[in-house]
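The following paragraphs walk through a single protein chain, moving from one packing contact to its neighbours and then outward. Please keep the sequence and the model in view while reading.

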Amino acid sequence: MHWLIYAFTVIVLLAPGNFLVAASLSEKVFLDVPFTSQAPRGNWKDPRYQHGCEEASVLMALRWARGRTLSVQQAEQQIKAMAAWQKKQYGGYVDTSAADTAERLIKGYAGYAHVDVKYDVGVDDIKVALHQGSVVLVPVNGRLLKNPNFTRPGPLQHMLLIRGYDDVSGEFITNDPGTRRGQGYKYSYEVLFNAMRDYPTGDHEEIKEVRKVMIVVEK
């Protein structure tokens with residue numbers, strides 16, 4: 001069994017077409033998603049791993065979606081392969097926006113179609129996607145996460161995977177590839193949502209607006 005849900009709560013959402021709908025959400029969701037850091041063997045000096053948060057997040061999501069496990073060796077090989085593919089296709093492996101992460105890495109490299117990019121989202125949108133059995137990838141300002149396991153001051157452009165939530169503690173449950181201790185790492189709803197922001201594709205390109213976006217990967 002790949003996901004668990006518990007007692008129900010109800011929220012009201014504005015659905016497409018401006019209709020109000022009531023969604024019964026579980027109090028807690030925890031999806032069984034394999035973990036890797038973006039530097040599977042701790043080689044953070046390798047630029048392929050320094051810039052590998054998108055690749056690692058995508059890899060975790062796809063291994064989960066396809067019902068596969070993920071070893072350190074497999075993670076290392078796949079992150080390298082994604083970097084090489086991007087260099088051939090686009091001239092380099094750099095930070096990729098939510099849209100480009102979905103289009104290039106998930107659809108292009110992996111050939112996986114069950115993905116959607118949603119903009120201007122809130123905490124409840126993330127919870128609904130998780131409740132419905134999908135995993136969520138979000139780009140963030142890593143410094144605002146204040147994760148003590150990051151090398152200070154932390155990454156300005158970072159991506160992580162959300163695998164669940166807990167309304168009792170008010171926390172999202174993540175697989176954060178920015179640290180080897182990122183498996184099941186918890187951030188409060190407020191901290192993670194505050195840190196969320198899309199960033200343009202490129203090598204630390206200027207971020208001109210803060211827009212909350214999520215990548216939803218379905219099975």
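Helix α3 meets helix α4 through two sets of residues: Gln 78, Ala 81, Met 82, Trp 85, Gln 86 and Tyr 90 on the α3 side, and Arg 104, Leu 105, Gly 108 and Tyr 109 on the α4 side. The model is a predicted one. The axes of α3, which covers residues 72–90, and α4 come within 12 Å and cross at roughly 110°. That angle makes α3 roughly perpendicular to α4.

Arg 104, one of the α4 residues that meet α3, also takes part in a salt bridge with Asp 100, with 3.8 Å between the closest N and O atoms. Both residues belong to helix α4, which spans residues 98–109, and because they are four residues apart there, about one helical turn separates them. Their accessibilities fall on either side of the 20% limit under which a residue counts as buried. Arg 104 is buried, at 17% relative accessible area, whereas Asp 100 is partly exposed, at 23%.

A second salt bridge in this region joins Glu 103 and Lys 107, with the closest N and O atoms 3.7 Å apart. Here too the two residues are four positions apart in α4, so about one helical turn lies between them. Glu 103 is partly exposed, with a relative accessibility of 45%, and Lys 107 is also partly exposed, with 37%.

Which parts of the chain does the salt bridge between Asp 167 and Lys 127 tie together? The side chains of Asp 167 and Lys 127 meet with an N to O distance of 2.8 Å. Asp 167 sits in the loop between β7 (158–166) and β8 (171–175), while Lys 127 is in helix α5 (residues 123–131), so the pair links parts that are 40 residues apart in sequence. Lys 127 is buried, with 6% relative accessibility, and Asp 167 is partly exposed, with a relative accessible area of 24%. In total, the structure holds six salt bridges, including those described here.

The loop that carries Asp 167 leads into the strands on either side of it. β7 and β8 form a hairpin with four residues between them, and Gly 170 in the turn has a positive phi of about 70°. The two strands pair in the antiparallel sense over five bridges. One of the paired positions is Asp 166, whose bridge partner in β8 is Glu 171.

β8 also pairs with strand β9, residues 183–188, again in the antiparallel sense and over five bridges. In that pairing, Thr 174 has Tyr 185 in β9 as its bridge partner. Strand β8 thus has pairing partners in both β7 and β9. Is β8 mostly buried or exposed? Four of its five residues are buried, so β8 is largely enclosed by the rest of the structure.

Some backbone features lie in loops outside these elements. Arg 152 and Pro 153 are joined by a cis peptide bond, with omega about 5°. Pro 153 is placed in the loop between β6 (135–140) and β7. Lys 146 belongs to the loop between β6 and β7 as well. Although Lys 146 is not a glycine, its phi is positive, at about 55°. Lys 146 is exposed, with a relative accessible area of 70%.

Asp 120 is another non-glycine residue with a positive phi, about 55°. Its place is in the loop between β5 (115–119) and α5, the helix that holds Lys 127. Asp 120 is exposed, at 54% relative accessible area.

For the chain as a whole, the secondary structure comes to six helices and ten strands. Of its 219 residues, 50% are buried. Among contacts with a separation of 6 or more, 64% are between residues 24 or more positions apart. The accessible surface is about 10700 Å², and carbon and sulfur atoms account for 48% of it.

How values were computed
Residues are numbered from 1 along each chain as its sequence is written. This is a predicted model: local features need pLDDT of at least 70, side-chain atom pairs count only at pLDDT 80 or more; totals for chains, interfaces and linings use all residues. Side-chain values use heavy atoms; hydrogens and water are left out. A salt bridge is a side-chain nitrogen of Lys or Arg within 4 Å of a carboxyl oxygen of Asp or Glu. Buried means under 20% relative accessible area, exposed over 50%, partly exposed in between (1.4 Å probe, protein chains only). Two strands pair if DSSP finds at least two bridges between them. Contact means heavy atoms within 4.5 Å. Accessible areas come from the Shrake-Rupley method with a 1.4 Å probe; for residues, only the protein chains shown count as cover. Axes are lines fitted to C-alpha atoms, for helices over the stretch in contact, and angles run from 0 to 180 degrees between N-to-C directions. Angles under 35 degrees count as roughly parallel, over 145 as roughly antiparallel, 65 to 115 as roughly perpendicular and the rest as oblique.
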